[in-house]
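Colleague: I would like to learn how to read the features of a protein model. Could you take me through one, step by step?

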Amino acid sequence: MSAARWGSWSAMVLLAAICGACSSGEGATGSGSGSSSSASGQPSSPASAVPSKGVMAAIDGRTTTVATKVDVGGSACGVALVGDTLWVTDNKAAELVRVDAAAGKVLGRYAVSASPCEVEAANGSIWVTTQSGVVDRVDPATGKVTASVTTGDASYETVGALGAVWVSNRNSHSVTRIDPRTNKGVTRTVGEVNAGGFVEEGGFLWVGDDTTGASAILRVDPRTWKSTPVPTGGNRPGYVAATPGRIWVSNVKSGTVAGIDATTLAPVGPPAAAGASPVNLKASTDGAWVWVPDDVGDLVTRIDTTSGKAVERLQVGAGPAVVAPAPDGVWVTHFDDGTVWHLVLV
């Protein structure tokens with residue numbers, strides 16, 4: 001998410017809290033709405049984006065196409081694919097939306113804490129990271145919140161790994177470790193970073209620094225909490241992803257994605273161009289690609305993880321925020337138009 005949209009989140013907290021208070025909290029607040037129907041029941045589709053100068057045709061013999069567009073309403077933020085179910089957060093309405101991924105239809109909407117975004121599936125639950133100082137644990141069978149775990153200020157991203165659920169906290173420069181057996185959290189400061197993107201690789205936690213002017217991420221040893229700065233060769237390395245043995249970093253202000261060897265901490269080739277504002281990147285399910293949304297240019301870039309080079313860049317909807325890998329491609333949320341798109345690589 002860009003600096004401009006991050007700033008808009010603070011203003012949205014009160015609105016989201018008001019909207020959340022309007023929800024019953026007893027499960028689905030609506031169901032059965034499809035991807036091609038508006039509130040009035042008439043067919044609708046997301047507004048077509050103006051073609052961008054940043055579009056790049058695939059150079060590797062593959063092509064990514066848009067297979068499905070689902071209108072979830074509000075401000076679609078986080079997304080996770082679990083089997084045939086897509087879980088999407090509506091940041092504006094403070095809801096978790098269940099989508100039938102195959103049919104492209106909304107099946108239910110469930111109340112969560114104010115200003116939700118990132119979604120993580122771990123330990124048999126759906127974990128929703130919110131901007132209201134908690135992470136909500138949701139039962140995927142019922143959509144109900146079973147626990148709300150206190151975190152640091154402005155929790156940002158959640159990762160299930162190493163027998164725990166971990167949360168980065170942007171404004172308190174910290175990481176929270178949640179024991180999924182007890183739903184108890186312990187928060188530790190990791191350094192003077194605005195802790196943003198978050199991933200585990202090689203037994204370490206890798207923490208992005210969502211600060212303009214920053215040029216390094218942190219490698220954190222979860223056993224000792226020792227932090228090691230890792231230069232990325234770019235400005236504002238706010239978001240991270242992992243493939244086996246490598247870390248991938250969105251340098252938001254530089255418009256690049258850097259590859260880093262997770263063992264030697266050396267760069268993997270030069271940074272790849274990834275639009276005007278590359279944000280919440282994720283690796284493909286097979287580790288062959290990294291998918292990178294650009295929430296200013298309304299683009300998604302596909303990066304080859306062997307070469308570290310951008311091999312395709314395509315136009316998507318308004319304000320792409322978060323991506324969720326699928327076996328055949330990727331799902332992309334759009335914060336500004338309330339849609340989630342399924343991109344298929346052929």
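Modeller: Gladly; we will go through a sheet, a disulfide, some aromatic rings, two charges over rings and a pocket. Please keep in mind that this is a predicted model.

Colleague: Let us begin with the sheet. In what order do the four strands of the open sheet run?

Modeller: The order is β18-β19-β20-β21, with antiparallel pairing. β18 and β21 (272–273) are the edge strands, each pairing on one side only.

Colleague: How many bridges hold β18 to β19?

Modeller: Six bridges join β18 (residues 237–243) to β19, and the two run antiparallel. To see the register, find A242, which stands opposite I247 in β19. On the other side, β19 and β20 (residues 256–261) also pair in the antiparallel sense, over six bridges. There, W248 has G259 of β20 as its bridge partner. Further along the sheet, two bridges pair β20 with β21 in the antiparallel sense, and T256 is partnered by A273 in β21.

Colleague: And the turns? Which residue takes a positive phi in the hairpin of β18 and β19?

Modeller: That is G245, with a phi near 80 degrees, in a hairpin that has two residues between the strands. The hairpin of β19 and β20 has four residues between them, and G255 in its turn has a positive phi of about 70 degrees.

Colleague: Is β19 largely enclosed or exposed?

Modeller: Here is the general idea on strands: in a regular strand the side chains alternate between the two faces of the sheet. As for β19 (residues 246–251), five of its six residues are buried, so the strand is largely enclosed by the rest of the structure.

Colleague: Now the disulfide. How many does a search of the whole structure find?

Modeller: The general idea is that a disulfide is a covalent bond between the sulfur atoms of two cysteines. The search finds one, and that disulfide joins C77 to C117, with an S to S distance of 2.0 Å. C77 lies in β2 (residues 76–82) and C117 in β6 (residues 116–122), so the pair ties together parts that are 40 residues apart in sequence.

Colleague: Which hand does the disulfide of C77 and C117 have, and why?

Modeller: Look at the torsion about the S-S bond: its value is about -80 degrees, so the disulfide is left-handed. For burial, the cut-off you need is under 20% relative accessible area. C77 has 0% relative accessibility and therefore counts as buried; C117, at 4%, counts as buried too.

Colleague: On to the aromatic rings. How many aromatic pairs does the structure hold?

Modeller: Three. In general, a pair of aromatic rings is described by the distance of the centres and the angle of the planes. One of the pairs is Y156 with Y239, at 6.1 Å centre to centre and 40 degrees between the planes, which is tilted. Y156 lies in β10 (residues 155–161) and Y239 in β18, so this pair ties together parts that are 83 residues apart in sequence. Y156 is buried at 6% relative accessibility, and Y239 is buried at 1%.

Another tilted pair is W166 with W225: 6.1 Å centre to centre, 55 degrees between the planes. W166 is in β11 (residues 164–169) and W225 in the loop between β16 (216–220) and β17 (227–231), 59 residues apart. Both W166 and W225 are buried.

Colleague: What about charges and rings? Where does the charged end of K69 sit?

Modeller: It sits over the ring of W341, 4.3 Å from the ring centre. R219 gives a further case, lying over the face of F204 at 4.4 Å from the ring centre.

Colleague: Finally, the largest pocket. What is its volume, about?

Modeller: The volume is about 570 Å³. The lining has 29 residues, and V119, E120, E157, K282 and P325 lie nearest the centre.

Colleague: Which strand gives the most to the lining of the largest pocket?

Modeller: That is β10, with five residues. Strands that each supply at least two residues of this lining include β2, β6, β14 (195–201) and β18. You have met several of these names already: β2 holds C77 and β6 holds C117, while β10 holds Y156 and β18 holds Y239.

How values were computed: Residues are numbered from 1 along each chain as its sequence is written. Side-chain values use heavy atoms; hydrogens and water are left out. Buried means under 20% relative accessible area, exposed over 50%, partly exposed in between (1.4 Å probe, protein chains only). Two strands pair if DSSP finds at least two bridges between them. A disulfide is a pair of cysteine sulfur atoms within 2.5 Å. Rings of Phe, Tyr and Trp (its six-membered ring) pair if their centres lie within 6.5 Å; planes under 30 degrees apart count as stacked, over 60 as edge-to-face and the rest as tilted. A charge sits over a ring if NZ of Lys or CZ of Arg is within 6 Å of the ring centre and within 35 degrees of the ring normal. On a 1 Å grid over the protein atoms alone, a cavity is a set of points where a 1.4 Å probe fits but cannot get out, and a pocket is an open set with protein on both sides within 12 Å along at least five of seven lines; lining residues have an atom within 4 Å of a point. Grid points are joined across faces, edges and corners, and a volume is the space filled by probe spheres set on the points.
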